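The following note sets out points for a colleague reading this structure. The points take up strand pairing, domains, the nonpolar parts and salt bridges in turn.

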Amino acid sequence: MNKIALIALMMTSFLSASAAGNTMEEYMYSSGKIWVAIAVLLMILLLIFGYLWKMDKKLGKMEEESKN
Amino acid sequence: MERLIRQSWWKILGMILLGSALLIALQTPLSPGILSVEDVSVQDSTLEFSIIGYNSHFQSAENLQVWIQDKTHQYCAESVLTLDDSHIVVKMALPSPLPSNLFSVLINDDTDGTLASVDGIFIKGEVQEEAALGKCHQPITVTEHDSFSIPYRTILYESIRNLNFHVPMWFAMIFLTFFSFITAIIYLVHGKAKFDDMTVAAIHVAVLFAVCGLCTGAFWARFTWGAFWTDDPQLNGAAISTLIYLAYFMLRRSVQDADKKARLSAVYAIFAFVMFYVFVKVIPSMADFSLHPDTTDNPSFKDYDIEGKLKMVFRAATAGWIMLSFWIFSLKYRMLSIERKRIDNE
């Protein structure tokens, strides 16, 4: 649960940084908004990897339990 | 179903589809377009303005032709000074008398095809609607840009590529929730525990993709609509549906008896899918206002994509994302069934 909270915190800080800081926002608008597309793809990959990470841990716990 | 889940051909196919679609979606250039029309000035009876192009080839292209037009009149440029591939300065006689104040600016050349900036130029002055037809020395040619490229749209620009990332998240969610709808019905009919596990796994992964869709949608909206969250009915409908599906897990946790839990949550899953459809499809199509394409009167992305260049990439990406979501679902389902076997043995 802590890891999800950490990822959520990272995401929100990233979003709020882009909302508050002008340089970040200008960066997103530059090069024909290509960074918006890249950020969106990275966001999806990050969320899916986070989900797989959580699943991995759960599987590890199940392995431990089946040993006992 | 059990056999399909263990087969690997669709996983490989899905990864090939997704990988190639993402590669094409990221590396295909945008079609050329007009970024802006600037420095409009009127001196005596000469109109002067400069045009900034995007991905255009003003310098290297041949037969460059520039004109402005309203609904019925066309006026051609007299001199075009090319500064570089994306910058030209245009001089022309001021239409006199003016048929309207707003004109579209169009460029045609052999490399880029016809580029348009709709209502791109505003000329001050008194309007006489029955003005004489404009004059063009050469006949105007309109051509299509024929190389493989992604449609150029103002406001969206390169972020139009998100069509292959953000939209398939919802298609994957619709696929998994529809799957859960079917398995929930089968569970209620047959009462086999494995269908309950399938429903749980499908909804679990569907919520992951819904969260992906919401996050990416909010981010994309920030840089195209101007805010992370808007009044858009489809956006709020999707958010409510995500909450409905989150409540599914709350319901499961709150019921102790295993059999009762499975039956109650199966009924809820059926209800949730119907609500999901109503919130995401029915209500947005009846709303007066929407920002999403293809709802109410908004044009769909299909309308921008005259030659269907986007369509093939989008279909491959959607199929790939759906197969990835089904793969993750199958892992989740296998974990749940192992756990169920262990509990049954104890």
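1. Two strands are taken to pair if DSSP finds at least two bridges between them. On that criterion, strand 3 of chain B pairs with strand 4 (residues 74-76) of chain B in the antiparallel sense, over three bridges. The model under discussion is a predicted one.

2. Strands 3 and 4 of chain B are joined by a hairpin of four residues. Within this pairing, B:Ile68 has B:Tyr75 of strand 4 as its bridge partner.

3. Strand 3 of chain B also pairs with strand 7 (residues 102-109) of chain B, again in the antiparallel sense and over five bridges. Here B:Val66 has B:Ile107 of strand 7 as its bridge partner. Strand 3 (residues 65-69) is largely enclosed by the rest of the structure, because four of its five residues are buried.

4. The domain assignment divides chain B into domain 1, made of 2-28 and 156-345, and domain 2, spanning 38-123. The centres of these two domains of chain B, taken over C-alpha atoms, are separated by 46 Å.

5. Which residues have the most contacts inside the largest nonpolar core? They are A:Ile48, B:Phe209, B:Trp321 and B:Phe329, in a core of 84 residues. Helix 2 of chain A gives two or more residues to this core, as do several helices of chain B, among them helix 3 (166-190), helix 5 (233-254) and helix 8. Helix 4 of chain B supplies the largest share, 17 residues. As a general tendency, nonpolar side chains in soluble globular proteins are buried together.

6. A nonpolar patch of about 410 Å² lies on the surface and is made by A:Leu42, A:Leu45, A:Phe49, A:Leu52 and B:Leu331. Helix 2 (residues 22-67) of chain A gives the largest share of this patch, with four residues. B:Leu331 belongs to helix 8 (residues 309-345) of chain B. B:Leu331 has a relative accessible area of 31% and is therefore partly exposed, the class between 20% and 50%.

7. Over all chains, the search of the whole structure finds six salt bridges. In one of them, B:Arg252 pairs with B:Asp196, with the closest N and O atoms 3.1 Å apart. B:Arg252 lies in helix 5 of chain B and B:Asp196 in helix 4 of chain B, so this salt bridge ties together parts 56 residues apart in sequence. B:Arg252 is buried at a relative accessible area of 13%, and B:Asp196 is buried at 3%. Both residues belong to a network of salt bridges that also includes B:Asp197 and B:Arg340.

8. Are the partners of the salt bridge between B:Arg161 and B:Glu158 buried or exposed? Both B:Arg161 and B:Glu158 are buried. The closest N and O atoms of this pair are 2.5 Å apart.

9. A further salt bridge links B:Arg263 with B:Asp259, whose closest N and O atoms are 2.9 Å apart. The two residues are about one helical turn apart, because four residues separate their positions in helix 6 of chain B. B:Arg263 is partly exposed, with 44% relative accessibility, and B:Asp259 is partly exposed as well, with 41%.

Definitions and conventions:
Residues are numbered from 1 along each chain as its sequence is written. Chains are lettered from A and ligands numbered from 1 in the order in which they are written. This is a predicted model: local features need pLDDT of at least 70, side-chain atom pairs count only at pLDDT 80 or more; totals for chains, interfaces and linings use all residues. Side-chain values use heavy atoms; hydrogens and water are left out. Buried means under 20% relative accessible area, exposed over 50%, partly exposed in between (1.4 Å probe, protein chains only). Domain bounds come from an automatic or database domain assignment. Patches are made of residues with over 30% relative accessible area and no salt bridge: like charges are joined within 9 Å, nonpolar side chains (Val, Leu, Ile, Met, Phe, Trp, Tyr) within 5 Å. Accessible areas come from the Shrake-Rupley method with a 1.4 Å probe; for residues, only the protein chains shown count as cover. A salt bridge is a side-chain nitrogen of Lys or Arg within 4 Å of a carboxyl oxygen of Asp or Glu. A nonpolar core is a set of buried Ala, Val, Leu, Ile, Met, Phe, Trp, Tyr and Cys residues joined through side-chain atoms within 4.5 Å.
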